[in-house]
Amino acid sequence: MKQSLTKEQLPYIKKKYNIKGHLLLRSDGTIDVNGNVTITNTKLKKLPLKFGKVYGDFICCGNELTTLKNAPTYVGRNFNCYNNKLKNLVGAPTYVGGDFICHENELETLEGCPLEINGNFSCFLNNLTSLVAGPEKIKGNAYIHHNRLLTLVGGPSLVEGSLFASSNFLENLIGCPGKIGKIFSFDDNVKLDMGYRNCSAGEVKIEVSDFTKQNYIRLPYTVRKNEKYLHTVFEFMEYLPFYLNDVFDEKLFLDMILDINDGFK
């Protein structure tokens with residue numbers, strides 16, 4: 001909008017953009033909303049209003065947004081911008097009280113993403129090759145599957161829920177979080193190599209890859225058969241050099257499983 005907003009226009013804006021709650025027009029032209037904002041299923045390429053703080057949900061999914069310019073800096077509950085044409089998250093809120101949802105865009109980078117997510121983080125079905133500039137801590141689940149990730153380096157150090165990392169181009173697990181509260185899920189062609197670092201995970205699930213990449217090599221049957229013990233194995237990865245000259249040391253792995261069955265934890 002080229003001209004400045006006036007207080008008299010607020011009722012019209014509230015109705016047109018399906019804003020639930022009280023609106024406050026600030027002196028800098030930004031709009032605070034004590035409620036929810038839902039702007040969906042339009043052909044908008046950018047947000048038509050400049051938001052400040054939104055204390056409820058901010059939902060702008062199903063549009064044709066190419067930028068998050070004018071998005072609120074603060075969202076009290078969930079922020080949802082899925083199914084747009086975003087290539088980055090520049091302009092996204094710096095604080096989100098709940099879920100941060102940005103899947104099904106054209107994201108090539110997580111630049112602009114909040115450093116801490118207080119709910120779930122959903123960025124699957126994008127074009128990400130790296131998690132650099134993404135969140136450092138995620139209190140809910142992290143859905144990073146179905147991207148083009150080459151590495152987990154630069155990703156979060158803590159995921160309190162589950163981390164779903166399947167259907168990427170990962171070669172190994174270097175850069176994975178030090179702690180995953182629930183499930184750690186990845187493809188069956190990813191090496192059990194964390195770069196001599198440990199990972200505390202509640203459960204480990206190996207997924208059958210749904211695509212074939214060059215030099216596709218599945219994890220040995222011995223590993224897949226003992227999947228239920230991997231969460232314990234991962235806690236001692238700094239002492240377990242499973243690969244020598246790119247060859248998996250199955251004897252070392254089996255020795256570790258025997259130790260676990262003998263009561264080693």
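1. Lysine charges over tyrosine rings. In this predicted model, the charged end of Lys 191 is placed over the ring of Tyr 243, at 5.7 Å from the ring centre. A second arrangement of this kind involves Lys 53, whose charged end sits over the ring of Tyr 74, 5.8 Å from its centre. Each of these distances falls within the 6 Å cut-off for a charge over a ring.

2. Surroundings of Lys 53. This residue belongs to strand S3. Its relative accessible area is 37%, so Lys 53 is classed as partly exposed. Once residues up to four places away in sequence are set aside, Lys 53 touches Ile 31, Asp 32, Val 33 and Tyr 74. Tyr 74 is thus named both as a contact of Lys 53 and as the ring beneath its charged end. With respect to Leu 192, which is 139 residues away along the chain, the C-alpha separation of Lys 53 is 44 Å.

3. Aromatic pairs. The whole structure contains 14 aromatic pairs. One of them joins Phe 186 and Phe 234: the ring centres are 6.3 Å apart and the planes meet at 20 degrees, so the pair is stacked. The two partners come from distant parts of the chain, 48 residues apart, with Phe 186 in strand S15 and Phe 234 in the loop between helix H3 (230-233) and strand S17 (243-244). Phe 186 has a relative accessibility of 0% and therefore counts as buried. Phe 234 is likewise buried, with a relative accessible area of 0%.

4. An edge-to-face pair. Phe 242 and Phe 253 also form an aromatic pair, with 5.7 Å between centres and 65 degrees between planes, and this geometry is edge-to-face. Phe 242 is located in the loop between H3 and S17, while Phe 253 is in helix H4 (residues 250-261), so the pair ties together parts 11 residues apart in sequence. Both Phe 242 and Phe 253 are buried.

5. A phenylalanine cluster. Ring pairs also connect Phe 51, Phe 58, Phe 79, Phe 100 and Phe 121 into a cluster.

6. Ser 185. This serine lies in strand S15, which covers residues 179-187. Its relative accessible area is 2%, so Ser 185 is buried. Beyond its neighbours within four places in sequence, the contacts of Ser 185 are with Leu 163, Phe 164, Ala 165, Ser 166, Lys 205 and Glu 207.

7. Thr 40 and the loop between S2 and S3. Thr 40 is situated in the loop that runs between strand S2 (31-38) and strand S3 (51-54). At 26% relative accessibility, Thr 40 counts as partly exposed. When neighbours within four places in sequence are left aside, Thr 40 is in contact with Ile 59, Cys 61, Gly 62 and Asn 63. The C-alpha atoms of Thr 40 and Tyr 17 are 9.1 Å apart in space, although 23 residues separate them in sequence.

8. Positive phi angles. Most residues other than glycine have a negative phi. Asn 41 is not a glycine, yet its phi is positive, at about 55 degrees. This residue lies in the loop between S2 and S3, and its relative accessibility of 68% means that Asn 41 counts as exposed. Asp 246, also not a glycine, has a positive phi of about 70 degrees. Asp 246 is found in the loop between S17 and strand S18 (247-248). With a relative accessibility of 56%, Asp 246 counts as exposed.

9. The chain as a whole. The protein chain holds 4 helices and 18 strands. Its C-alpha trace spans about 75 × 35 × 25 Å along the principal axes. Of the 265 residues in the chain, 46% are buried. Among contacts between residues at least 6 apart in sequence, 18% join residues at least 24 apart.

10. Surface and charge. The protein chain exposes about 13500 Å², and 50% of this area is supplied by carbon and sulfur atoms. There are 31 positive and 29 negative side chains, and the centres of the two sets are 12 Å apart.

Notes
Residues numbered from 1 in each chain as written. Predicted model: local features only at pLDDT ≥ 70, side-chain atom pairs only at ≥ 80, totals over all residues. Heavy atoms only, no water. Helix = DSSP H or I, 4+ residues; strand = E, 2+ residues; numbered from the N terminus. Buried < 20%, exposed > 50% of the residue type's maximum accessible area, 1.4 Å probe, protein only. Contact = heavy atoms within 4.5 Å. Areas by Shrake-Rupley, 256 points an atom, 1.4 Å probe, with all protein chains shown as cover. Lys, Arg positive; Asp, Glu negative; His and termini not counted. Charge placed at Lys NZ, Arg CZ, Asp CG, Glu CD. Phe/Tyr/Trp six-rings, centres within 6.5 Å; stacked < 30°, edge-to-face > 60°. Lys NZ or Arg CZ within 6 Å of the ring centre and 35° of its normal.
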